[in-house]
Amino acid sequence: MTRDTRIQIDKSKQSHRKKIFLSNKLSVVGATIVFVFILIAILGPLLAPIPPDEINYHSILNSPSRAHYFGTDRYGRDLFSRVIYGARTSLSIGFIVVIFSTLLGLAIGTVSGYLGGNIDNFIMRFVDLLMAFPSVIVAMVLATIMGGGIKTLIIAMLVSSWTGTARIARGETLSLKQSGYVTATRGIGGKWSYILFYHILPNVLPPVLVSSTLSFGNVILNTAGLSFIGIGVQPPISEWGLIISEGRQYIVSGQWWLVFFPGLAIMLTVMGLNLLGDGLRDIFDPRQRR
Amino acid sequence: MVKPILSTCKLKKLFPVGRGVWNKPKAYVNALDKVDLDIMGCTTFGLLGESGCGKTTLAQLITRLQEPTSGTIWYKGHDITKMKGRDLRENRIYSQIQIVFQNPAEVLSPRRTIDFLLKEPLKINKVYEKEIEIEQKIEELLDKVNLRPELLTRFPHQLSGGQQQRICIARALSLNPDFIVLDEPTSALDVSVQAKILNLLVELQQKERLTYLLVTHDIRVAEYICTDIAVMYLGEIVEILKAEEFRQNAKHPYSKLLIESANTECEEKDFDLKVLDDPPSPINLPKGCRFQARCPVSIPICSTIHPELKKISDGTKCRCHRVTDN
Amino acid sequence: MNFSRYLLKRVVFMLLVLIGASIVAFILVRVVPGDPARMLLPPQAKQEDVDRVRIKMGLDRPYIKQYLNYLKSLLEGDLGFSYHTGRTVVEEFKLRLPATIELSLLSLGFAALVGVWLGIISAVHKNGLIDHASRLFSIGGISAPGFWIGLLCIYIFYYKLSWVPAPTGRLSLTKEVVAGGSGFLLFDALKNGDWDLFKDAFMHLLLPVLVLSYSFLAMICRLTRAGMIEVSQQDYIKFAKSCGVKTNKIIWKYSLKNGIKPVLTMLGMFLAQLIGGVVFIETVFNWPGIGRYAVDSINFLDYGPIQGFIIFMALIYVLINLAVDLIYMAIDPRIQY
Ligand SMILES: Nc1ncnc2c1ncn2[C@@H]1O[C@H](COP(=O)(O)OP(=O)(O)OP(=O)(O)O)[C@@H](O)[C@H]1O
Ligand code: SF4
Ligand SMILES: [Mg+2]
């Protein structure tokens, strides 16, 4: 094979990846949904027709109409605006948790895998131990200690979500550690911190990114769920789970919109993230394709 | 008397296998057993042996990429065995002893450009202060290994095997080492490319006054460029002698078998030790001579007493009960 | 590593989980704001009284001693006291456990049956209409919050269609739990031949079970499908096919056994999901189980039940994981640990 054909093959490999992603229509749909929700979150104040906490006793529990696209709640607040602001809350909590848990998981996972031996053993047993406690329980315990609120919520989800990333990062690192180029870099005097940063991290990143995308969806679901049972975001902040919990009592008397719209927003966001994550996984690791 | 540039004393490496209760290893692989070597400056010392006999292990122990179980390594009169990462860096051991690996494709990180990979040793060891000096050095290195500068922007997999190995050689040279371990530098390459790389290595050795430890399982390669040859079997050195005497004067039955199989199979390009059976497991070593099970000329004492590496004549040593000086 | 050693390792790990849970539960009440002794007493109690209670509760002793005492009481089966209901935690659990078990077992069973079935059908008709439909259905189940689906179902099936009774818990307000029964209402009603009660309990169970099982069903379906497709590409399936073994037989005999293995492996994860799901679904349907009890306890700042909840969940987790290990072993004796 001549050099030129090699280059061509490589170029086609890159475009091949793009093709995989684009040919998987669902992942494009997912990416679009995610993009739209991020836009909504950023542009929130411009999009919301009425401030989300503006109380109006003349329009209590109105059903969806021209004036209030998603209807109003028991204080006459505009549900459309509240759902838009809810995107801000959910996505920012999600981003914070995912970014920190990814960083934490990456750091601990790669270092643990690279050092190996008893330190690695100890850290991994600890990770197993932490994984044995469902996130809901962790959140309950923390909510008991610190009281509900965004801070509790974020910490609780951090505690239970970095472990997955750590496991993946460690697994990848373990196999990379055996690779020739790590040995070779040691041979030219590279310190372990250098090797971790320049040679292991770039290879660990793709699979970790996939898992972070998928866990983003989980974080949003959990945020909503914990706020729904009263140990997450507290009123009067607009948050999807909280809006559902406030509208819950009206479902048996027919005011469906209080529950329907925020839930729909949750479902779409999470679905978008899941589809996007699946698409990314297909690109980076075709073996795991479902 | 001239002192060797590098010598090893009773170098030993065990690999634990299997983990039992409390992480205690179930058994050990005897990858390397009490290896004594003396390598003189500006020579090429060949290490010959079949797959799995511990050549790579020895190469990586000497370059301090693996920790020996016991034994010492002396480099220019310094004991470098006890040195840890920082000492090795501070005493510039990593720069002075370099290694070229068996498989260049595995050694070059797939996500980095050739440019990055070539600059890497210089940057890690902070050899130069200015970027322009680094650029100059890279140019010089590419010239030394006969590569064109266009390659710099490429990724490793966009290079041919021979080019990749040249890049590895350039990386090894960049720190101006005195001693280079070549771990089967041509075994992953086409025959036509092999010769080119070997010639390049010989040329470089003369220009830069380098000392080589060449690991190979190819007798012709060893004869072609080595000054001395050591034959290894199951982690032990079984014979050491001058390269030019190898074909005529090798005494050890294993060496003879190697020569014989090389002669009979030299028409085939890729000869290995196919005529021989598999060696015994390095986990459960036989009691007497390690070669006994396959030795065509063994005698009763071979199955009970482990032979020592004895001096036969000047510059020749052999580990066999049937070989004595006459 | 042989199996007994693997099991030993697992048991040691499970003990660690239990100890970890007990430490968390122990620390919980020491770090919450407020004095546990003062909370026992009326607000106007004098300091001497508080101190007396403190000594009686052992709160003046070193932490390590306190912890050992706590451990001892746990081993004796004492999970603490629930102030907001005025009963011991064990009594409360006994009262509510049947409700939770009935709900989760029925859901898991339903999810497993339908999920595996749907997964196999999707795999057999890979990329067909059924496959796409079930994939869409699965994605919905994984993405939509269970409590939301629960509320929507209440709106549709109770408010709009009146197919099911009001979400008042396990029974209509006019009905009563069988006294002295096992607590499993369907079973008790059948035993007493009380068809009215059976029907009422069944109708109340219907929505919660379906909603709780949805997300598991989706996961099981996806896993089974993936496992089946992988297995069906393996040589021995092809071999069996080429030997003329009927397709149905192949599916059931060869694929299923190996295809559901990933499902088993994930059971531990399901469990975590289940515990979360139960909490939400019980809240939505006013189900008097331990999940809702835990939520109530947090809102009442009643720490005893929360401690008990932690210990109890850890125990369940440990037992189920050990069971999974054993089942796994039975299914695939080749497995290497
Ligand atoms: N990290 C390790 N753990 C356990 N055993 C090992 C390890 N590295 C090498 N070994 C064993 O040590 C022995 C010597 O291996 P080594 O790589 O040095 O052989 P080699 O002579 O270089 O072979 P080849 O010609 O195939 O490269 C082999 O039996 C090998 O299986
Ligand atoms: S010692 Fe004996 S068995 Fe070993 S090589 Fe010599 S003759 Fe053969
Ligand atoms: Mg080797």
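Is B:Lys34 buried, exposed or partly exposed, and what is its relative accessible area? Let me keep that in mind while I introduce the structure, which is a predicted model, and I will come back to the lysine after a few words on chain A.

Chain A has 290 residues, of which 54% count as buried, and its secondary structure consists of 10 helices with zero strands, so that, by the way these elements are assigned, the order from the N terminus reads α-α-α-α-α-α-α-α-α-α. If we take the contacts in chain A between residues at least 6 apart in sequence, 71% of them join residues at least 24 apart. The area that chain A exposes is about 12700 Å², and carbon and sulfur atoms supply 64% of that area.

Now to some details of the backbone. Most peptide bonds are trans, and most residues other than glycine have a negative phi. In chain A, however, the bond that joins A:Pro235 and A:Pro236 is cis, with omega at about 5 degrees, and A:Pro236 sits in the loop between α8 (192–228) and α9 (240–247).

Returning to the opening question, B:Lys34 belongs to strand β2 of chain B, residues 25–39, and has a positive phi, near 45 degrees. With a relative accessible area of 49%, B:Lys34 is partly exposed, because exposed would require over 50%.

A positive phi is also found at C:Asn286, where the value is near 50 degrees. This asparagine, C:Asn286, is placed in the loop of chain C between α13 (267–284) and α14 (290–299), and its relative accessibility of 29% makes C:Asn286 partly exposed.

Notes: Residues numbered from 1 in each chain as written. Chains lettered and ligands numbered in written order. Predicted model: local features only at pLDDT ≥ 70, side-chain atom pairs only at ≥ 80, totals over all residues. Heavy atoms only, no water. Helix = DSSP H or I, 4+ residues; strand = E, 2+ residues; numbered from the N terminus. Buried < 20%, exposed > 50% of the residue type's maximum accessible area, 1.4 Å probe, protein only. Contact = heavy atoms within 4.5 Å. Areas by Shrake-Rupley, 256 points an atom, 1.4 Å probe, with all protein chains shown as cover.
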